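Trainee: Take me through this one, please. I'd like to hear how each label is earned.

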Amino acid sequence: MSEVLRISFPEPPVREPEPIVRLNGFSRHFGETRVLDDLDLSIAPGEFVALLGRSGSGKTTLLRTLAGLDEANGASAVIPASRATVFQDARLLPWKRVWQNVVLGVTGEDRRQRAEEALREVGLEHRPDAWPLTLSGGEAQRASLARALIRKPELLLLDEPFAALDALTRIRMHALVLSLWRRHKPAVLLVTHDVEEAMALADRILVLDAGRIAAEERIAAPRGQRASVVRPLRGRLLGHLGLQTDGGVYADLIGRDH
Ligand SMILES: Nc1ncnc2c1ncn2[C@@H]1O[C@H](COP(=O)(O)OP(=O)(O)O)[C@@H](O)[C@H]1O
Ligand SMILES: [Mg+2]
């Protein structure tokens with residue numbers, strides 16, 4: 001009888017990718033006010049994370065640190081050099097044409113061509129020579145996204161970029177951000193106070209409260225097939241934000257019809 005030599009190899013461990021962003025024990029004070037307090041955060045490459053929090057909870061403060069606009073004092077921090085930020089207001093220079101805003105700080109003979117390519121990606125190819133003040137709010141945010149994209153960021157930071165837009169424009173912008181994210185695969189940190197926006201766009205939702213990440217929700221369901229998870233998730237997220245629907249605090253606030 002022939003002996004069969006069996007060699008078994010251990011299963012290779014499933015390795016989580018190294019996070020592209022890592023903050024450990026990050027605190028930020030303004031005078032006596034502790035805005036962020038011993039906060040930990042990590043984001044994987046290509047991950048789409050939404051950061052929810054009440055107004056004044058420190059979302060922008062955290063984002064400014066990740067954007068390199070504020071020092072990460074005292075924290076152990078890993079932040080990629082390749083990053084770009086889109087703010088709530090588009091922050092276009094009014095004395096430069098749209099295409100020039102898009103390639104601000106970019107050098108090279110092909111600047112105009114690169115600007116046009118980026119504008120095509122955001123659906124603004126027909127306005128390269130427009131002045132920023134002639135753009136609608138949605139168009140200005142498209143230009144601002146093009147300016148971020150052209151830097152091919154590994155980390156895209158979005159600070160309530162759709163908050164000032166009307167509801168229909170906001171939905172179009174959601175679709176645009178998702179298509180850009182699918183194509184370029186940056187890690188995204190979307191700061192928002194909009195629970196619906198977070199649930200529609202993110203892989204993972206963090207709730208910032210009292211200076212820390214107070215709650216975390218991972219959404220396994222693919223985008224577009226989230227109807228069944230949205231209702232309970234909305235309830236939990238509103239709970240973390242201090243509001244409860246259906247007979248809770250929110251119902252007390254708005255009162256009942258008789
Ligand atoms: N430069 C600053 N100086 C003093 N206080 C600040 C400064 N920036 C932010 N704050 C305070 O920090 C808190 C968090 O602000 P912010 O990060 O803008 O909140 P959010 O973006 O969640 O609304 C607020 O109370 C705000 O007043
Ligand atoms: Mg803010």
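Mentor: Start with the word "near": a residue is near a molecule or strand if its C-beta atom, placed from the backbone, lies within 6 Å of it. Keep in mind that this is a predicted model, where local features need pLDDT of at least 70 and side-chain atom pairs count only at pLDDT 80 or more, while totals for chains, interfaces and linings use all residues. Residues are numbered from 1 along each chain as its sequence is written, and chains are lettered from A and ligands numbered from 1 in the order in which they are written.

Trainee: Which residues surround ligand 1?

Mentor: Phe-30, Val-35, Gly-53, Ser-55, Gly-56, Ser-57, Gly-58, Lys-59, Thr-60 and Thr-61. Helix 1 gives the most to that shell, with three residues.

Trainee: How is the shell around ligand 1 made up by class?

Mentor: Seven residues are polar, two nonpolar and one charged. Here Ala, Val, Leu, Ile, Met, Phe, Trp, Tyr, Cys and Pro count as nonpolar, Asp, Glu, Lys and Arg as charged, and the others, Gly among them, as polar.

Trainee: What counts as a helix or a strand, by the way?

Mentor: Both are DSSP runs numbered from the N terminus: H or I over at least four residues for helices, E over at least two for strands. By that rule the chain has eight helices and nine strands.

Trainee: What makes helix 1 "mostly covered"?

Mentor: Residues 59-66 form helix 1, and six of those eight are buried. Buried means 20 or more other C-beta atoms within 10 Å of a residue's own; 12 or fewer is exposed, anything in between is partly exposed, and the C-beta atoms are placed from the backbone. Lys-59, Thr-60, Leu-62, Leu-63, Thr-65 and Leu-66 are the ones that pass. Their cover includes strand 1 (21-30), strand 2 (33-43) and strand 3 (48-53), as well as strand 6 (155-159), strand 7 (187-192) and strand 8 (204-209).

Trainee: Why is Ala-221 called partly exposed?

Mentor: Ala-221 has 13 other C-beta atoms within 10 Å, so it falls in between the two cut-offs and gets the middle label. Ala-221 sits in the loop between strand 9 (212-218) and helix 7 (227-240). Neighbours within four places aside, Ala-221 is in contact with Arg-226 and Val-229; contact means C-beta atoms, placed from the backbone, within 7 Å.

Trainee: What makes strand 7 "largely enclosed"?

Mentor: Six of its six residues are buried, so the rest of the structure largely encloses strand 7. Ala-187, Leu-189 and Val-191 point one way, Val-188, Leu-190 and Thr-192 the other. That's the textbook pattern: in a regular strand the side chains alternate between the two faces of the sheet.

Trainee: How do you know that strand 3 and strand 7 pair?

Mentor: Pairing takes at least two bridges found by DSSP, and five join these two, which run parallel. One example is Val-49, whose bridge partner in strand 7 is Leu-189. Strand 6 and strand 7 also pass, parallel over five bridges, with Leu-156 opposite Val-188. Strand 6 has four parallel bridges to strand 5 as well, where Ala-84 partners Leu-156.

Trainee: What makes the largest nonpolar core a core?

Mentor: It is a set of buried Ala, Val, Leu, Ile, Met, Phe, Trp, Tyr and Cys residues joined through C-beta atoms within 7 Å. The largest set here has 59 residues, and Val-102, Ala-146 and Leu-189 have the most contacts inside it. Helix 4 (residues 137-149) gives the largest share, six residues.

Trainee: Why is this core said to lie between the domains?

Mentor: Domain 1 (18-82 + 155-173 + 187-225) and domain 2 (92-152) both give residues to it, so it lies between them. Those bounds come from an automatic or database domain assignment.

Trainee: How many residues of domain 1 and domain 2 are in contact?

Mentor: Eight on the domain 1 side and five on the domain 2 side. On the domain 1 side, helix 5 (residues 167-184) gives the largest share, three residues. By class, that side has five nonpolar, two polar and one charged residues. The C-alpha centres of the two domains lie 25 Å apart.

Methods. Two residues are in contact if their C-beta atoms, placed from the backbone, lie within 7 Å.
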